[in-house]
Structure formats: structure tokens, C-alpha cells
Amino acid sequence: MVDAVVSVVLDQLISSAFEEAIERVRRVTAVKAEVDKLTSNLLAIKAVLSDAEQKQVKEKGIRHWLDQLKEASCDMEDVFDEWITASRRLQIKGIPQEKTVCSYFLVLYFLVLSCFGFKLRHDIAQKMKEINENLEGISKQKDRFDLHVTRSSEESVRTQSIASINLPDVRGRVEEKDTLKRKLLFESSEQQNAVQIISLIGMGGIGKTTLAQFVYNDNDVISNFEKRMWVCVSDPFDEYGIAKMIIAALEVPDRDLEDVKSLSFLLDKIEESITGKKFFLVLDDVWTEDYRKWEPFHNCLMKGSHGSKILVTTRKETVSIMMSCTDMITVTGLSTEDCWSLFESIAFFGKSSSEIGQLEAIGKSIVDKCKGLPLAVKTIGSLLRYKKTREQWQNILESEVWQIRELEEKLFAPLQLSYTDLPSEIKPCFTYCAVFSKDHSIKKDELINLWMAQGYIRSKCNEELEMIGEEYFNYLASRSFFQEFEKDDMGVVIGCKMHDITHDFAVYLTENECYSTDVNGIIKSLSSTPASQKKLRHLMLMLGHINASFSFAKLNAKKLRSLFIHSNHWVSSQELEDVFKQFTCLRALRICGENVWEIGNSKIPKAMKNLIHLRFLKLSWLRIKELPETCCELINLETLEINRCTRLKRLPQGMEKLMNLRHLIIMNHVYLEYMPRGIERLTGLRTLSEFVVGRTGGEHASKVCKLEALKGMNHLRGLLKIRMLGDLANVDEAKHVDLKEKKNLDRLELWFDNVGMPDENEENDEAITKVLQLPPNLEYLGILHYRGRSLIFPNWIESFNKLKKLLFIDCKKCESMPPLGQLPSLEVLTIWYMDSVERVGDEFLGIENSCLHGISSSSSSSLSTAFPKLKHLTIKGSKKWDEWYFAKEDITIMPQLNSLDISLCNNLKSLPDQILQSKTLENLTIEKCPILEVRFKKDTGEEWPKISHIPSIRIGHWYV
């Protein structure tokens with residue numbers, strides 16, 4: 001872990017930016033000599049770090065030495081970063097390197113005064129000398145520990161694939177599964193309470209959550225309850241947060257929560273939503289034994305109808321007693337046979353039978369050390385999956401780590417072995433996750449951007465930093481450090497969680513360097529220990545209650561590098577001012593006022609410019625109307641994300657100064673009026689979540705950036721949303737966007753919403769689609785609020801070969817379904833509010849439309865199947881649609897269809913037999929379609945026999 005920090009400093013010393021900064025003070029003699037000396041010392045230390053990292057597990061002296069080295073390295077990184085930043089600012093301001101003597105002293109004054117805060121009489125050489133003296137003292141100490149020069153693990157992180165994270169979770173537990181499922185489905189009129197509470201009790205890592213997930217997703221359980229809710233409780237027991245999670249699971253509309261001011265208000269909403277309904281609620285990982293916190297929930301939840309169930313997972317029997325559980329199930333360790341089955345499915349994956357024969361006996365001895373804990377088995381199995389030789393396996397079996405009492409008591413031994421084996425560059429990426437609270441949902445892309453902000457990801461051979469970060473994430477996932485992976489509707493992993501024991505292990509490794517807590521926790525845990533505060537580098541602070549408050553000015557953590565503020569109350573401008581003045585070493589800042597509607601009109605203080613090291617800035621749920629222009633002084637910023645700041649209408653005009661910006665993310669109910677002029681200079685952007693076409697007239701005309709600004713942004717990847725296309729006055733602008741050159745852009749949304757053009761101007765939208773060329777590797781395309789009458793786009797056909805997902809929303813004037821049946825890769829098709837469509841027939845299959853034959857081979861075999869890979873079809877809100885019939889009989893239609901969802905189609909009379917007879921169709925939903933609901937009603941509907949074979953059917957609000 002320390003190795004990575006030292007490497008960052010070494011990279012700084014040899015960087016061109018650092019050399020340019022040195023050139024600006026060339027007349028300050030001895031600087032280069034000091035730099036060379038510092039580099040030499042660091043290289044000597046780096047050579048023994050691998051040995052030190054392994055020995056520090058047992059030797060506290062080495063651990064203390066490594067802490068000193070890390071502290072010194074971080075300080076050096078801060079100083080050099082300030083120096084480089086000052087040099088870059090001079091470049092932005094247009095001050096050339098060669099100036100007169102007078103100008104030279106002005107430059108020197110700027111550097112010394114603004115970068116180091118020294119008085120004018122000090123110089124850069126003196127600062128370098130002080131750094132070297134400090135490092136020399138640390139370097140001499142290493143000789144006391146008999147450290148040897150060793151090579152770090154050279155194992156490639158690029159051998160991991162995203163598929164390898166799909167490790168088996170469930171082995172055995174047959175009796176526990178059956179018992180738990182039986183209790184959930186059992187109903188008796190003799191039960192005293194209508195709502196029964198069942199608990200799963202067992203030690204951490206034993207598999208309680210996995211068992212709960214198994215029954216939660218069981219089809220019999222799903223069909224038995226009207227409402228299902230899953231809430232991760234963890235510690236501390238945040239009443240307000242838990243209530244919000246229950247409400248979110250109940251899908252209570254946001255508009256009903258706009259005046260949230262108390263817990264009782266939320267509990268009333270929960271009671272209103274569950275009264276008379278049969279529900280199933282899982283409360284995962286409960287720790288609190290305080291009945292006063294549980295009582296309001298208990299009283300509220302008891303209003304559910306007879307047969308409702310609450311399932312609690314906890315490590316402590318006292319929690320079950322406090323919660324008045326009617327049934328307690330003790331979860332014990334897996335049997336030896338089940339442990340071995342789980343282990344061999346992971347560790348022997350991809351190994352030949354001869355290799356397995358040599359390793360099997362050692363593997364069984366290793367499994368015995370896991371003591372029946374599934375988490376331990378998965379972790380050690382994931383480590384050995386990539387170890388091929390008998391010697392490597394024997395080393396794991398005989399490791400001293402198994403004998404260290406502290407690691408054994410906390411169940412950390414398998415995790416320590418796996419962590420020690422990580423490549424040095426990945427270790428800090430893992431330990432950084434200690435900053436998140438337990439059960440925190442970690443978003444993959446955000447985590448990678450945070451790693452970048454801390455300097456943990458360094459480019460090699462010009463490889464994209466984001467791609468390296470993806471490899472690091474996959475590596476940690478494949479070693480079972482992450483779990484509960486969240487995927488988008490295209491099957492791509494977008495998030496994960498950490499098991500609470502894995503999280504505890506990360507906290508153990510960082511020793512108060514990373515901390516996550518609620519406001520009361522930090523006051524109690526840190527304010528009494530100034531030394532702990534000074535060591536604090538990464539902090540997540542949760543202001544969970546509306547009345548909670550916290551004084552940042554009292555927090556003595558001036559070297560803080562990450563600060564995540566999650567608040568359910570107003571984060572005042574004064575509090576932000578304190579943050580910006582107090583924590584000037586921040587690399588990452590995230591401020592979230594989640595679901596705070598009473599926050600008022602907040603302002604971001606101009607003092608934000610003090611955060612010169614800042615690389616990552618995320619603002620969520622804040623009622624800010626603008627960002628200050630001083631935000632554009634943050635020239636090191638790599639990620640700027642603005643999420644659900646609904647009142648924000650404009651970005652600062654100086655955005656072009658953010659020359660290092662890689663990710664500009666504007667999302668979720670943030671409606672910008674335009675993009676600021678100058679943004680076209682940000683050609684290094686990798687993510688631009690949306691581009692807003694501004695109006696060429698009006699008060700902001702001189703500030704508006706044209707659509708053709710996208711032309712030079714050829715590094716864009718992922719999703720781009722182009723909004724207000726209907727406002728494009730000059731259609732020729734669409735010709736010069738050059739989307740076809742953006743080969744890494746695989747998702748695109750075109751929003752034809754408009755404020756300046758009349759709704760009747762359908763020709764404008766159609767003209768844009770004729771000249772706009774799409775990226776060549778599109779996998780997802782969304783078309784929204786389109787006013788044209790036809791959805792046939794011949795000039796886009798070449799971009800459709802790889803298209804997996806297609807979305808049409810609010811294309812109200814389109815009179816026929818687009819001919820999409822011959823798209824070779826299409827898996828998901830969603831069509832909402834295509835109001836003018838009356839009939840759907842063979843034209844939908846794309847057979848008749850010759851313009852689509854260029855998509856793939858036009859051979860008879862390819863034309864004999866329509867929608868060959870379509871798995872999910874959703875059609876909603878087609879008011880005039882009354883007939884859906886395919887006349888062609890010599891064609892296979894949707895042979896892989898898994899789910900069909902039809903809703904709000906009032907006049908639709910039938911569904912095609914070719915689709916309903918599909919053997920792959922597993923999910924059918926018909927909702928708010930009165931004619932269909934009668935015809936397909938269970939048992940009595942005339943067309944019920946056509947769908948009775950489908951495993952999961954929902955008609956109206958009910959599963960049948």
C-alpha cells in the first residue's frame with residue numbers, strides 16, 4: 001500500500017509538469033541536485049517495501065515505520081502538487097516562461113507565496129532540502145529491520161475478466177432453506193400477531209444474508225406477498241435512513257415526500273402504504289439492542305395484513321429477543337462436504353484433472369482452516385484459483401498468518417493472505433474502500449474516478465486510466481473482495497458492495513486513516529483523540545437526522561484527502577465555507593443532501609478555489625442555482641458530477657480552464673439551459689453525460705456553445721445524451737458533429753424536446769435525422785420526444801449492427817412501428833407513448849423494408865427470423881393501438897423472447913399467437929389494458945389457455 005504512494009511521488013518527480021515547474025525557478029541553484037537526491041532515496045526505499053509490507057503483519061515496528069514513510073510521502077505529494085499547479089496556472093494566465101528579470105521575481109514570488117505559504121526570504125531549494133532531511137531520517141531507520149530487496153508480484157491484473165466475478169454463492173443449506181421458506185409461507189389464524197418476525201442468527205461470514213437472499217428471490221415467496229422490501233440496516237441504526245429505504249422499496253411517489261420534516265411523517269407514509277397489504281420485509285444486518293429505536297417501526301409495521309412477515313438477520317440473539325421475534329433460526333457453519341464443494345468450484349476452475357490431483361489434498365487441509373465460513377472459503381478459493389503450482393498452495397497452507405491471534409479472532413486470516421498477494425498498485429484501491437459505510441452501495445465508475453483522484457491509477461503505455469481502473473475493479477472482484485454486484489439492463493456490472501467482515505478488514509488495515517460514521521459517532525470517537533484526527537485522510541460523515549449538526553471547524557484533520565458528506569438536512573453555506581478553508585488538501589469532495597426538500601437556496605462559497613488539489617467533485621440534491629466562477633480555478637479537477645441539483649440552470653463560463661477534466665456528468669433532473677462557450681476546448685473529456693443545444697437568440701446568446709463543439713471530443717466513451725435537438729435552428733450544425741468518429745461512444749440518447757420551436761415543426765426533426773451520423777459501435781440508442789411521422793432512418797443503418805437496446809419515448813406523431821425485426825443484435829426494445837399507431841403487422845418485422853437489408857446478410861436464412869435475439873419487449877401508452885397481427889407464417893418471430901410487458905393500451909384486443917406460443921417466454925405483464933385483462937383472465941378468460949404455460953404472469957396488479 002505504501003509502495004503505491006511512493007510510486008506516485010516518484011512519478012511526480014520525473015513528470016514533464018514537474019520539470020516545467022523547475023524550469024521556472026532555474027536560477028534557484030541546487031534544486032535539481034536536491035531532486036536527484038530525493039529520487040535516489042525513494043528508489044532505495046521502494047526496493048525493500050515489498051519485504052516490509054509482508055513483515056509488518058507481525059512486526060509493529062515495521063508497521064510504524066511504514067506509517068511514517070506514508071505520511072512523509074503524502075506530504076511530499078502535496079508540496080509537489082502545489083508547485084505543479086502553480087506552474088499550470090501561470091500557463092493558463094498566459095505568462096511565458098522567459099521574462100525579464102523583473103518578471104522573473106514576480107513569478108518566483110507567485111510560486112513561493114501561493115504554493116508553499118513561506119515568507120519571501122525562503123526559496124524552493126530550502127523546501128527541497130527539508131524534505132530530503134526528513135526522508136533521510138526515515139531511510140536510515142529501515143536498516144534496523146533487516147529488510148531485503150525483493151521484487152513485487154508481477155502477476156498481470158489484465159488476466160481477470162468480468163465473468164470471473166460470478167462466483168457461486170449457495171452450497172448446502174438445504175434444511176435451513178426449507179425451514180425458512182416454510183415459515184415464510186405458513187399462515188395460521190391462531191397466531192397472536194398478524195405480522196410475524198423471524199430471525200436468522202449467526203456469526204459474521206456464516207451466510208445469513210445469502211440465505212435471506214435465496215428465499216427473498218424464490219418464486220413461491222414472491223407470489224405469496226403483495227409487497228417485498230429489502231433494507232440493509234447495519235450499524236448505527238439510522239431510523240430516518242431506514243424509513244426512507246422502506247419507503248423507496250414501497251415505491252411511494254417523490255411528490256408525497258416533498259414536505260418531509262420528521263421521522264413520524266415517514267412512518268405514517270409507511271403505515272399508509274402497508275395497511276391491509278400482505279408484505280415481506282427483510283432487515284439485513286441488525287445490530288442495535290435499543291428497543292426505543294425499534295419500537296416506532298414495530299408499531300407501524302404491525303399494521304400489515306395477516307400473513308405478513310419480517311425477516312431479520314443478526315449476529316446477536318439479544319437483538320432477536322429485543323425485536324420480539326416469534327421464530328429464531330440459528331445459522332451454523334457449512335458442513336465439510338459443502339465447504340469443499342464451494343471451494344473446488346472456485347479454486348479448481350480452469351485447472352486440468354492432473355493439476356487437481358496434485359492439489360486436492362492440500363486444498364482440503366486449507367478448507368479445514370476456514371472453519372465452515374462461506375466467506376473464508378470463497379476468499380481463499382478465489383486466491384488459489386490463480387495459483388497453479390503445488391508449492392504456491394503449500395505456501396498458503398503453511399503461512400504464519402493462520403497463527404496470528406488477532407487475525408484469527410476477527411476471521412481476517414484468509415483476507416490477509418489474499419490481500420498480501422495483491423499487486424502493490426491494487427492494494428490502496430482496496431483499502432480506500434474503508435471510507436465507505438457498511439452495506440454502502442458502491443458505484444463502479446465513481447469508485448474508479450475516486451481512485452484516479454487519489455493517484456492510485458497510473459498510465460502505462462498510454463493505456464486509458466479508466467480502463468486500468470476497470471481492470472483493478474475486476475481483479476478485486478475476482479478475489480471476492482466485492483460482492484452483491486449490481487448490473488444494468490444490458491448485463492454490465494455498475495456497482496457492488498463489500499461484506500461487512502471484508503469492510504472491517506479494510507478498516508483494520510488503514511488504522512483510522514479511513515473513517516465512516518454518523519455525526520454523533522465522530523464526535524465521540526475522534527474529538528477526544530487529536531492524534532487520530534491528524535492521521536485521518538478519508539472521511540465519510542453521515543448527518544442522518546434532520547436536526548443533526550456538526551462543526552467542521554472543530555475537526556482537526558487538515559490533511560484530509562477525501563470528504564463525503566451525506567446529509568438529511570441543510571448543509572449551510574457557512575459549513576461549506578469551513579470545509580473549503582479547513583481541508584485544503586482534499587482530492588475528493590462529495591456533498592449529498594439526499595431527499596432534502598427544505599434545504600432552501602444554498603450557495604457554493606467562492607472559497608472553493610482554495611481546494612487546489614481537488615480532482616473529484618460531486619454535488620447531489622443541493623438547491624444551488626449556480627456554481628461560482630471560482631470553481632474554474634480548480635485546474636486539477638478530473639471529475640465534476642452534478643446530480644439532482646434541480647435548480648441549477650447554467651455552468652460557469654470559465655469551464656475551458658478545466659484542462660484536466662475527464663468526466664463532466666450532469667444527471668437526474670438537472671436541466672441546463674445551454675453549454676457554456678469554450679467547452680469545446682475540453683477535448684480530453686472521456687465522459688460528457690449530456691450536451692444541451694442552446695438557443696441562438698435571447699439574453700444568453702453570446703454565452704452559448706454550438707452543437708458542433710462536440711466535433712473535437714473524440715475520446716468520449718459510454719453514454720452521451722444530446723438534449724433540446726428540437727431547438728436546433730440551423731440543421732447544418734448537425735452535419736459537423738462528427739459522431740461517427742467517436743468509436744468509444746456506445747450509448748446515445750437524442751432528445752428532441754424543445755422550447756423554441758413550434759410543436760408542429762416535424763420537418764425540422766426529420767431533417768436533423770437525415771444529416772446526423774451516428775457512432776459506429778452503438779449498443780444503445782434512445783429517441784425521445786421526436787416529432788417526425790416516420791422512424792425509418794436509412795442513413796443510420798450501418799450503426800445498427802451492434803445495437804442491443806433501443807428506446808422510443810413520446811414519438812407521438814409516428815403512425816407505424818419502425819421496421820426493426822432484422823436488427824441482428826437487438827435484445828431490449830422499449831416503446832412508450834407512440835400515440836398515433838393504430839395497427840402493428842408484418843412491417844414491424846422488417847422483412848418488407850429493403851432499406852434494412854444492409855444491416856446483415858440478406859440470405860433467406862437471415863430473413864426467416866425476425867428479432868432473432870430480442871429478449872425483452874415493452875410497449876406502453878399506445879392509446880389508438882387496437883390490432884397486433886402477423887400474417888406471415890413462414891418466419892420465426894422472437895425466438896429468444898423472455899419477457900413481454902404491455903401496459904396502458906386501452907384498445908388493444910389481442911396478442912400474436914406466434915409470441916405467446918414461444919417456449920422461451922417466462923414473464924408476461926398486462927397492466928391497464930382493460931380488453932386484454934378480460935380476455936386473458938385466469939381460468940375464465942377466452943384466451944387464458946394460450947398463456948397458462950408461462951411461468952410468471954401478472955395481470956393488473958396481481959401475479960396469477
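In the predicted model, helix H21 (residues 444-453) and helix H22 (residues 465-478) approach each other with their axes within 9 Å and a crossing angle of roughly 115°. The two helices, H21 and H22, are therefore roughly perpendicular to each other, and their crossing is right-handed. On the H21 side, the contact is formed by Lys-444, Leu-447, Ile-448, Trp-451 and Met-452. The residues contributed by H22 are Leu-465, Glu-466, Gly-469, Glu-470, Tyr-472, Phe-473 and Leu-476.

An open sheet of 3 strands was also identified, with the order S6-S8-S7 and antiparallel pairing. Strand S6 (442-443) and strand S7 (483-487) occupy the edges; each has a single partner strand, so one side of each is left without a neighbour in the sheet. Strands of a sheet pair through backbone hydrogen bonds, in either a parallel or an antiparallel arrangement.

The pairing was examined strand by strand. S7 is joined by 3 bridges to strand S8 (residues 493-497), and the two run antiparallel. Within the sheet, Gln-483 lies opposite Lys-497 in S8. S7 and S8 constitute a hairpin, with 5 residues between them. In the turn of this hairpin, Gly-491 adopts a positive phi of about 85°. S8 is also joined to S6, by 2 bridges, again in an antiparallel manner. Here Lys-443 is placed opposite Gly-495 in S8. Of the 5 residues of S8, 4 are buried, so this strand is largely enclosed by the rest of the structure.

The cysteines were considered next. The structure contains 0 disulfides. Cys-370 takes part in no disulfide, the nearest cysteine sulfur being that of Cys-339 at a distance of 7.1 Å. Because a disulfide requires a pair of cysteine sulfur atoms within 2.5 Å, the 7.1 Å separation of the sulfurs of Cys-370 and Cys-339 does not qualify. Cys-370 has a relative accessibility of 2% and therefore counts as buried. Cys-645 is likewise in no disulfide; for this residue, the nearest cysteine sulfur belongs to Cys-592 and is 9.0 Å away. With a relative accessible area of 0%, Cys-645 is buried.

Key: Residues numbered from 1 in each chain as written. Predicted model: local features only at pLDDT ≥ 70, side-chain atom pairs only at ≥ 80, totals over all residues. Heavy atoms only, no water. Buried < 20%, exposed > 50% of the residue type's maximum accessible area, 1.4 Å probe, protein only. Pairing = 2+ DSSP bridges. Axes fitted to C-alpha atoms, helices over the stretch in contact; angles between N-to-C directions. Parallel < 35°, antiparallel > 145°, perpendicular 65-115°, else oblique. Left-handed = near helix turned anticlockwise from the far one by under 90°. Contact = heavy atoms within 4.5 Å.
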